[in-house]
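User: I have a model open and would like to know how its descriptive labels are earned. Could you take me through them?

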Amino acid sequence: MTDSLLSTNTVECPQYLLDQAQGLPAITTAVVNAGSKVVMHSAKMAADEGLITPVLVGDVSAIQALAAELAWDISNIRVIQAGNEDQAAAAAVALAKGREVASLMKGNIHTDHLLKAVINKELGLRTGRRLSHVFHMSVPNSTAAICITDAVINVAPSVNIKLDIARNATSLMHAIGYEQPKIAVLSATEVATPSMPSSIEAQQVVKAARAGEVEGALLGGPFAFDNAVSPAAAKLKGITDPVAGKADVLLVPNIETGNALFKQMVYFMGAAAAGLVLGATVPIILTSRADPAAARLASAALAAIYANKTA
């Protein structure tokens, strides 16, 4: 039975991530379309832990009713009226553009509606770098972590987009304390071969990165998954690349690979998947209704660390 393979571990927000974030100032965060119970609970939880100072954007009456239901006193919290998803996204992005907030938190809004406002050429939060998503993955009772990118936004990224994905991941890794993160560019083989286009692209990404296109990180590949994370597997294959078996970040060839990989860790290992969108002027906390509370808290902690370290 498939369900017998599923993890029964309780998902935990990694304490080391929470400790690091709580040692920094809370970040002012626009909660985009806050009028749902899960979203309000997430914002309250992050605020109670000292990670964010929320600005609640959405239907004011719904926000007030939910706050009362959650026994959350929001009398000293800024609340901004927005009648629908697009209005909430535009209002939140305007706050970030005006430097009134240092991060955004996805609320009861479709991701594409939020990102459409973020990438608006005139009113958005563009930086000249491609937006990408990073999952910081951790498992219960361990201080080890690995990042997966991009499992959410970029469907079939080109070589140039993968370089931006690597740059975004590098900036996050620097913020959480990795001086020179090791980024493994994944395929299904460690030998570049024309019959497997992702392996050729991985080789091109690594070549460009090592020529100076990605600063502050060490990229290696192409690697199959085992050769990226297992020193024993890399040794058995005779791979001497310094990234082999020691990856801090897995740069996946396409969204399907990333999506499957992070969900395998969540469902088979009980991993907490803390997710951020990077590449805009502020980090974007991207959570879903299906995420456990610990993963939503971990995402807020990650954003607080990143926003403070890159301010």
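User: Let's start with Thr149: what makes it buried or exposed?

Analyst: Happy to help! One word on the ground rules: this is a predicted model, in which local features need pLDDT of at least 70 and side-chain atom pairs count only at pLDDT 80 or more, while totals for chains, interfaces and linings use all residues. Residues are numbered from 1 along each chain as its sequence is written, and side-chain values use heavy atoms, with hydrogens and water left out. Now to Thr149: its relative accessible area is 0%. Buried means under 20% relative accessible area, exposed over 50%, and partly exposed in between (1.4 Å probe, protein chains only). Thr149 is therefore buried.

User: Where does Thr149 lie, and which residues is it in contact with?

Analyst: Thr149 lies in strand S6, residues 145-149. Strands (E, at least two residues) and helices (H or I, at least four) are DSSP runs, numbered from the N terminus. Contact means heavy atoms within 4.5 Å. Leaving aside neighbours within four places in sequence, Thr149 is in contact with His133, Val134, Ile165, Ala169, Val249, Leu250, Leu251 and Val252.

User: What is the peptide bond from Thr149 to Asp150, cis or trans?

Analyst: That bond is cis, with omega near 0°. Asp150 itself lies in the loop between S6 and H6. The bond from Gly221 to Pro222 is also cis, with omega near 5°, and Pro222 is placed in strand S8. As background, most peptide bonds are trans, and most residues other than glycine have a negative phi.

User: Which value makes Ala71 count as buried or exposed?

Analyst: Ala71 has 67% relative accessibility, so it counts as exposed. Ala71 lies in the loop between H3 and strand S3 (79-81), and its phi is near 55°, a positive value in a residue other than glycine. Arg99 can be read in a similar way: its phi is near 60°, again positive in a residue other than glycine. Arg99 sits in the loop between helix H4 (85-97) and strand S4 (103-106), and at 78% relative accessibility it counts as exposed.

User: And how do you know which label fits Ser61?

Analyst: Ser61 has a relative accessible area of 49%, so it is partly exposed. Ser61 lies in helix H3 (residues 60-69).

User: Why are H6 and H11 called roughly parallel or roughly perpendicular?

Analyst: H6 and helix H11 (residues 293-310) pack at an angle of about 90°, with their axes 9 Å apart. Axes here are lines fitted to C-alpha atoms, for helices over the stretch in contact, and angles run from 0 to 180 degrees between N-to-C directions. Angles under 35 degrees count as roughly parallel, over 145 as roughly antiparallel, 65 to 115 as roughly perpendicular and the rest as oblique. H6 and H11 are therefore roughly perpendicular to each other. Their contact is made by Ser171, Leu172 and Ala175 of H6 together with Leu302, Ile305, Tyr306 and Lys309 of H11.

User: What makes H7 fall short of a straight helix?

Analyst: H7 (residues 197-213) has 17 residues, but its end C-alpha atoms are only 21 Å apart, short of the 24 Å that a straight helix would reach at 1.5 Å a residue. The expected span is 1.5 Å times one less than the number of residues. H6 also has 17 residues, yet reaches 25 Å from first C-alpha to last, close to the 24 Å expected. H6 is mostly covered, with 14 of its 17 residues buried.

User: What makes a set of residues a nonpolar core?

Analyst: A nonpolar core is a set of buried Ala, Val, Leu, Ile, Met, Phe, Trp, Tyr and Cys residues joined through side-chain atoms within 4.5 Å. The largest one here has 62 residues, of which Met40, Leu51, Leu56, Trp72, Leu219 and Leu276 touch the most other members. H11 gives the most to this core, with 11 residues. A second, separate core has 26 residues, including Ala89, Val93, Leu95 and Leu104. In soluble globular proteins, nonpolar side chains tend to be buried together.

User: Last one: which label does Val118 get, buried or exposed?

Analyst: Val118 has 1% relative accessibility, so it counts as buried. Val118 lies in helix H5 (residues 111-118), and its contacts include Val93, Leu104 and Ile284.
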